[in-house]
Structure formats: structure tokens, C-alpha cells
Amino acid sequence: MILNEEQQMLADLSERLFADKASVDTLRAIRGGSLGADYDTDLWQAMVESGLTGILVPEAHGGMDFGLVSAGLVARETGRRLALTPFLSTAVLGAIAIGRAGNAEQHKQWLGPIAEGALIVALAVDESGKHRPERVAAGATAEGDAFVLGGEKTLVVDGPNADLFVVSALHDGKPALFAVDAADAGVTVEAVTSVDTRSMANVRFDNASAQRLDAEDDALDDVLNAGRAMLAMELVGLSRAVFERTLAYLSERKQFGMRIGAFQALQHRAAHLSVEIEISEAMAFQALAAFDAGVADASQQILAAKARAADTARLAAAEGVQMHGGMGMTDEFDIGFFMKRARVASELLGDANFCAERFARARGY
Amino acid sequence: MSDLEEFRAEVRAWLEDNCPEEMRQPLASDAEHVWGGRRWQFSSEAQRVWFERMVAKGWTAPAWPVEYGGGGMSADEHDVFKAEMKRINARSPVSNFGFWMLGPALLKFGSEEQKRKHLPEIARGEIRWCQGYSEPNAGSDLASLKTSAEIDGDHFVVNGRKIWTSYADRADKMFCLVRTDPDAKKQAGISFILLDMDTPGVSTRPIQLISGESPFCETFFDDVRVPRANLVGEMNQGWTIAKYLLTHERDNIGGEPPGLLKGRDLAQMALQAVGADDQGRLDDPMLRSDIARLEIDAMAFRALVEQTRAKAEAGEGMGARSAMLKYYGTELNKRRYNLMMDAMGGLGLEWESEQTGGGRYAREWLRSKGNSIEGGTSEIMLGIISSAVLELPKG
């Protein structure tokens, strides 16, 4: 696919915005505790002001109502710049979960605040260290018009900052999505910082009051697929960034009296990697466009995109560290951050093995 | 209805009426491929009828101008045509190196006279062409080729030897790279000429491959006289045409696998050969995983092919992108045939047997090994990517 005018505009806008606002220095400051927040609040504010938080929110609620391709262009920048913001959890997972599964009242209550940057949402689906969305023990029971929800969730990205949790739980033996206010007395959040400095949480719900999001039965699949698609773009972005740095290093570092990029052993590996990146990016864009167009095999394409982008990013990061030699192992060099981020983004919402397995299942073998 | 949709409806209706049922099945073997040429003999009536009807429409070369015997289709119409052919699994009515390679070269570099003579002959399937590029000492280093063409009056006199000439023993004519200036820098002394394989002094010898088949030949030239009018483009400018064609050849390596697996579903073949577990999954978890990874890579590769095509149509050149496609597409195809062999088990081991059509699995698996060698090895492709795309330092 080729970007249309709207998408190209958005690509340019997000590239400029992230080039201007996002930096590895901020990531280091967050990690060291000197920023005083566990995500890049300045960048997030700039994203709010540019309307990016409402990228998937309908215009009626103050959003841009763009598609996943556009959101993916932002996600690609987050990976490229190693930016830490609640974009994935709030502007994508939150907006789609509430948009698809919420009723008109719930739309009014939450979508506007998401677009305005006044609400941070976190998706609480997993209950074990490996992503298995259908393995749900959490349960919800009706109590009058509302529900009470109990259970434990893990890998809740942006959980410590969330104002609202979107939670999968069983009701009458069937999984459904619920919204739980983070301020509810029944919610306990244990913050966890991940290897890539992402803010995550284990969250316990004890008789927490919940609202059911039940406009669409299979909304969770769409939410998860949208999230996987975003992570694929994030992985593509970071693959490109780590590869650019590696290429620059190959072209300047001298050993044995020559620049190491002249060695065929390294050239061929770099060339192979560049092909992997091109292919993964083309796959990701095609999958995003398929989701936007509602194509029948869009979910297969997204699984393929996530699996491939994960493998590519891990290869790019591994080659990045290896080709930087000893310097690649140092904390002073930024390369290691890409490896860490690749690891996390690969794992979230299903690693390459998970995606490939689901892909095979969907294809009937 | 838009013009394009109207065109689609016309094509669809015509194909429905004119494509014989037997021509809507995948080729059972390479032997069913219609190459055309002076000595061509159809193996079935359906083959002949389909060929003649398509030739009459000019649809054997759909995108070539009508005045050169083609179908005169625009790029969009050509896409529609290809989609409609694919929809009913219609076989190609005829194809050979004239369609794939020489035609595009003549359209770009040929004189008006050459276009008017050769293109209609190709489109009508009258002449089967072969490609004379590689030599025993000029493989990956193609520009070091030594077959010489010396000027003698109105003729070139050609001496030397080509190798890996596909089906030279069955072709009518050859487009050929020859050295016309032995003193120039190696790329600068090469010319692109056309010659008739019936000319005295031309002889061929088939080369048997590990697959047992002989799709390639050696071709020998012993004082072969070729009219100077058969020079395409300028003297000593043949390398430009050769490079253009190599890129073009690499473009042909698109999403579809060649050979036995074309149009076939590897996973379904594996399910049939290996069996399924009680949940309907392929009853070999490691193979299942390998096939899933292959299918994902194949889907992603097709996405890149599509994107590259779309960009090319929007006017962005292919450039060294074709090296990426050639490299990845052929490596992918080798993996595909390896997995097919893993799936087929004992059937894949048969060499002479009825149920495998004379060891088709084994032979095509072995044949696939050449994919990453012919048309520029994978290592040459990686080298092109390193220098032309990544601009890494020279050694």
C-alpha cells in the first residue's frame, strides 16, 4: 500500500513531533527517576495538543476518527524514538475497546476525555506471564444495574497511571469486557517497571464495581488485534532506528585499517537485515490497511505482521549489539535500549510463537 | 460502471467463453508448458485452441502496443486482465524468453524495424527465444564474458561459448551478449545482438542437472555470421540492456512460487500427507510451526512485492529493490520446497514411480536449489543491496 494524503500528513506530523520532543535522554531520566514521572509527560502533552490522543476517537467526541494505518504511523515513531507514553494503552486499546464495546452513554463518558488527554486507560487482560486471552479466571456478577468484579491481572501496561481499567472477566461463564474506575476501593495496583522502563502493573480486583461494555460480542478480538498491529509498527520503527545506527557505525568504525562496513561478512548480514525490515514493514502496513477496510483475513494479516515484526526487531537489535562490538554492551550506548524494547514489544499481546500458532489455526491446519 | 469495470466484464465474459476447461487446471508438469516456436507441437487440442484464440486477441502479450501484436492494455487494464485470468486459473497460452525478456528490451532499446519484425513474431508464438548471457568463466562476474563478435563487412563473426542457456536446444533464436571491444573496460565493450540458432556454426549440448532434467544447455559459436542489423541499441552499449533485463528478470520473481507448488497450498498438502490430530491440527507440531512461519514470510513477501509494484506504478523506480525481491523470493522458495519434502515423507523419496509422476517432488525440490543461483546468486544480490541500497564502504 501507499500512504494517502491524510496519512502522509500524519506521518510527517508525527515524525516532526517525535524528532522534536522525544529523546533517549528522557528515557534515561525516567529510568533514573529524575523526571518525576514514569512516562514522557511533555511528549504526551504535545501529542494531546496535536490531536494524536484522539486519533481513533470519532469526531463527535472530539477525535480525528482516523484509521489504524494512521495510528500505526504514530506507533512507528514511538518505537523509533524509544518514546514512553500511554499512546498504545489509551489512544489505541482504550479508544477501540470503548468505541467498539461501549454503548452511547459510555462513549460520551470516556471517549471525549481520551481525545482531550484527560483520561488514561489500561487494558487488563492477561492473567499469566504468557499472553493467553482466553484463559480468564476473573469473574463479574451482576448487582442491580452494575457489576462487581474480582480477579487478578498481570502485564497491565500503564497500569500505575491508569484512571480507568478495561478488564476481561467471565460473566455467566462467558468472557466479556468491563470498565473499572482505578479509584475504586476494590482496586489494588502493584507497579512493575519492565526491562524497557515501561510502566506496567499487576492489578487485583476485589469486589470492584464495574460497568459492562457489551455493545459487541467479539470486541476483545478487535482490541487485541489493533494492539498487535500497533506493536508491529512500534517494532518496525525500532528496527529501522537500530539499523540506521548500526549502519552508521559500520561506515565509521575502523579496524585492520579499514572501515568495518567494507567486510563482506558484515555487509551480507546488514543487507539481509535490511530486506527483513522492508518486508516486515510492508506486511505491517498491509495488515493495518486490511483492518481499516474490514477485510476478511485482516486478523491473519495482523498475526503475521506481529510475528514477523517481532522476529525482525529482535534480529535488528541483536545484530546492532553484535556489530557495535564491546560498545554495544555498554549502558552508555543507546543500542541496548532497542534490544530491551524489542523484547517487551515482542512479548506483549502475544509473541511470535503465539501469533504463528494462531495464524496456523486460522488457516485451518 | 467505470470503464475499467466494463473492461473487466468484457474480459471475464470472453475468458468464460473461450478458455477451455482443461486450460483452467494447474500444469501437471513442466511438459505441459506451451513454449511456442517453429518446431512446437501441441500436446492437446485444448492447448492449441486456447493458444490460437489468445493469439488472435493479442492477449499473449497483453500490455504490448497493438501495432506490435500485443493487446494494447493500459497498466490498470493489465492488472484487471491478470486478475481475471487468475480467477479461473487460466494457464498462460504461450510464454518463453521472448515475452519475459527480449520483448521488454526491444520495447525500450530496439529500433522501429526490430520492434515491427520481432515483437509480432513473439506475440504470435512463432519464435521461441533463448538467452545467451553466462559463460563458463563469466557467471556471477557476468561482465567478464569473452564470446567475441568481430565486424566483417555487414556481419559480426561470433566465436565463443555460452552456458546455462535455458532450452537452447529447442529455441529458434537467441539474444546474446558478446564482446565487441576487447580493449575497453569490461562493461564497456559488450554489445547485445540477436541471432538465429539455425545459423551455421551454432551448436548446443544439454546439461543434465541434479534433478535429472536438462533445462539448460551449453551453446557453442564457431565463426557464426550474424547480420549487423541484428545489433540492438548502440555498439558497446549492451551492458545497459543486460542490466535492464536482469532487473526485469528479477521482477518476475513475484509472489507466486514457480514449479510444482504454484497455486497449491503447502499446508493442505501436508495435512493430507501427514494427517491431522484430534483438533484438526497438522499432526507434526514442528512441521506445522515451520509451515506457519513460511506462510507468514510468504504473505509478508507478497506485501512487499505489491508495495514495490504500486510504487513503481506511481513512478518511483524499482532500482536495487529488485535485488531484495530476487534474494528473498528465491530463498523463500527453497524453504518452501524443503518443507514440501518434509511433509511428503516417502513420496518425496521416489525418483522413478507412477504415483509421483516420475519423482516430481524430489526433482522439483532439487530444481529449486538453482533458484538462488540463476539470475544472480543470493550473495551477488546481497552485495548489490550493500552497495546500492545501504551504501556501505567498498572493500
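Which element gives the most to the lining of the second largest pocket? I shall come to that element by way of the pocket itself, noting at the outset that this is a predicted model.

The second largest pocket has a volume of about 590 Å³. Its lining comprises 26 residues, and those nearest the centre are P175(A), D217(A), D218(A), L220(A) and D221(A). By class, the lining divides into twelve charged, eleven nonpolar and three polar residues.

To return to the opening question, the element is α7(A), which contributes six residues to this lining. At least two residues each come from β5 (174–181), β7 (199–213), α7, α9 (298–323) and α11 (352–362) of chain A. As for location, the pocket lies between domain 2 (121–213) and domain 3 (219–362) of chain A, because both domains give residues to its lining.

I turn now to the nonpolar cores. The largest has 154 residues, and those with the most contacts inside it are M47(A), I55(A), L68(A), F87(A), I291(B) and M340(B). Helix α7 of chain A, residues 219–252, appears here again: with 19 residues, this helix gives the most to the largest core. A second core, separate from the largest, has 34 residues, among them F51(B), V94(B), W129(B) and L177(B).

Finally, let us examine one residue of the largest core, I55(A). Leaving aside residues up to four places away in sequence, I55(A) touches L10(A), M64(A), D65(A), F66(A), S70(A), A71(A), V74(A) and F87(A). Of these partners, F87(A) is itself listed with I55(A) among the residues with the most contacts inside that core.

Technical notes. Residues are numbered from 1 along each chain as its sequence is written. Chains are lettered from A and ligands numbered from 1 in the order in which they are written. This is a predicted model: local features need pLDDT of at least 70, side-chain atom pairs count only at pLDDT 80 or more; totals for chains, interfaces and linings use all residues. Side-chain values use heavy atoms; hydrogens and water are left out. A nonpolar core is a set of buried Ala, Val, Leu, Ile, Met, Phe, Trp, Tyr and Cys residues joined through side-chain atoms within 4.5 Å. Buried means under 20% relative accessible area, exposed over 50%, partly exposed in between (1.4 Å probe, protein chains only). Helices (H or I, at least four residues) and strands (E, at least two) are DSSP runs, numbered from the N terminus. Contact means heavy atoms within 4.5 Å. On a 1 Å grid over the protein atoms alone, a cavity is a set of points where a 1.4 Å probe fits but cannot get out, and a pocket is an open set with protein on both sides within 12 Å along at least five of seven lines; lining residues have an atom within 4 Å of a point. Grid points are joined across faces, edges and corners, and a volume is the space filled by probe spheres set on the points. Ala, Val, Leu, Ile, Met, Phe, Trp, Tyr, Cys and Pro count as nonpolar, Asp, Glu, Lys and Arg as charged, and the others, Gly among them, as polar. Domain bounds come from an automatic or database domain assignment.
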